[in-house]
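Please look over the protein shown here, and then use the notes below it as a guide to the fold, the interior and a few individual residues.

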Amino acid sequence: MATGREAGEPAMAEEERDWADLTPVCLAEAFSRLGPEDLWRGAMACCRAWREAARSRPALFAALDLEPAFDAVGADAAEWWTPAFQRRVDAMLRSAASLAAGELREVRVRHCSDDALAFAAKSSPQLSILSIQSSPSVTDRSMLTVASCCPILTELDISYCYEVSYKSLEVIGQSCPNLVVLKRSIFNWLDSSEHVRTVPAEYLRACPQDGDREAIAISRSMPKLKQLVLRFAKLSGVGLNSIAEGCKELEVLDLFGCANLTSRGIEQAAANLKNLEMLVKPNFYIPRSAFHMERKRRI
């Protein structure tokens, strides 16, 4: 005579859970363990009750981190540089800022627009981490809004944002005194072959040329920086010395690809940074012919 469930027999009905019986509080607690994609495309898209349960807890939207999704692709995709893709990112950024109800603390996106960034900044006084790399539509206009609305910013990544100038760096530094991480890299201008099939050619040609001016702005307005990433930046020894004099607390300095610098200049600057723990030097084995060709084009 059978006594209980035999091996391989389905579980009894009484062991099954009915998610419809969960209270909004329990649902929100369960949603807090989901990643952004599962929360947005899964739980919130399931039904009205689940969507309302998520909306009831703004803390669920305190961080919008799309970097894992971008990193999963492994490299830039041509689709990301289209207006349609920018609209998708903008929609998520605006929604996150609205749903967070002032509690948005971390934003890591790419290819957002000026308007969407300004909207998020105005709605997010608690924002402390902002990464918007590869956002060609972002300009000084929205960055000034970030500076005025997000005073507790501690980390900023504006790499590959070519419409953002030294003026934004000055205002951000003056308005956000707790900034400790700045990433301001540009695309490899010595050899852009890895980007030509994805990044628009006109954008690659618009590479910022005022590396020293940006470096001076950083040195004068961001004295508490601990990590500074300037990959392929077009700064010279003048700009580097300014950073060494104004950013005494630097612990990490990444100068990979900064072909306008010399080994001697880097060593002199590093000697003035007593807290420096990690220094990434330019690859001086980059063919100098490429560097000289770039100089001739500028002349």
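The briefing that follows moves from the overall make-up to the sheet, one helix, the cavity and one proline.

This is a predicted model, in which local features need pLDDT of at least 70 and side-chain atom pairs count only at pLDDT 80 or more, while totals for chains, interfaces and linings use all residues. Residues are numbered from 1 along each chain as its sequence is written, and side-chain values use heavy atoms, with hydrogens and water left out.

**Overall make-up**
- The protein holds 13 helices and eight strands, these being DSSP runs numbered from the N terminus (helices: H or I, at least four residues; strands: E, at least two).
- Of the 299 residues in the protein, 44% are buried, where buried means under 20% relative accessible area, exposed means over 50%, and partly exposed lies in between (1.4 Å probe, protein chains only).
- Among contacts (heavy atoms within 4.5 Å) with a separation of 6 or more, 72% come from residues 24 or more positions apart.

**The sheet**
- Eight strands make up an open sheet with parallel pairing, in the order E1-E2-E3-E4-E5-E6-E7-E8, and two strands count as paired if DSSP finds at least two bridges between them.
- Strand E1 (63-65) and strand E8 (278-280) are the edge strands, each pairing on one side only.
- E1 pairs with strand E2 (residues 106-108) in the parallel sense over three bridges, and Leu64 has Val107 in E2 as its bridge partner.

**Helix H7 and its surroundings**
- Helix H7 (residues 140-149) has Asp140, Ser142, Met143, Thr145, Val146 and Ala147 as buried residues.
- These buried residues of H7 pack against helix H6 (114-122), strand E3 (129-131), strand E4 (155-157) and helix H8 (166-175).

**The cavity**
- The structure has one cavity of 30 Å³ or more, a cavity being a set of points, on a 1 Å grid over the protein atoms alone, where a 1.4 Å probe fits but cannot get out.
- The largest cavity encloses about 120 Å³ of space, a volume being the space filled by probe spheres set on the points, which are joined across faces, edges and corners.
- Its lining comprises 13 residues, with Arg184, Gly211, Glu214, Ala233 and Lys234 nearest the centre; lining residues have an atom within 4 Å of a point.

**Pro83**
- Pro83 lies in helix H5 (residues 83-100) and is exposed, with a relative accessible area of 54%.
- Between Pro83 and His111, which are 28 residues apart in sequence, the C-alpha to C-alpha distance is 9.1 Å.

Technical notes. On a 1 Å grid over the protein atoms alone, a cavity is a set of points where a 1.4 Å probe fits but cannot get out, and a pocket is an open set with protein on both sides within 12 Å along at least five of seven lines; lining residues have an atom within 4 Å of a point.
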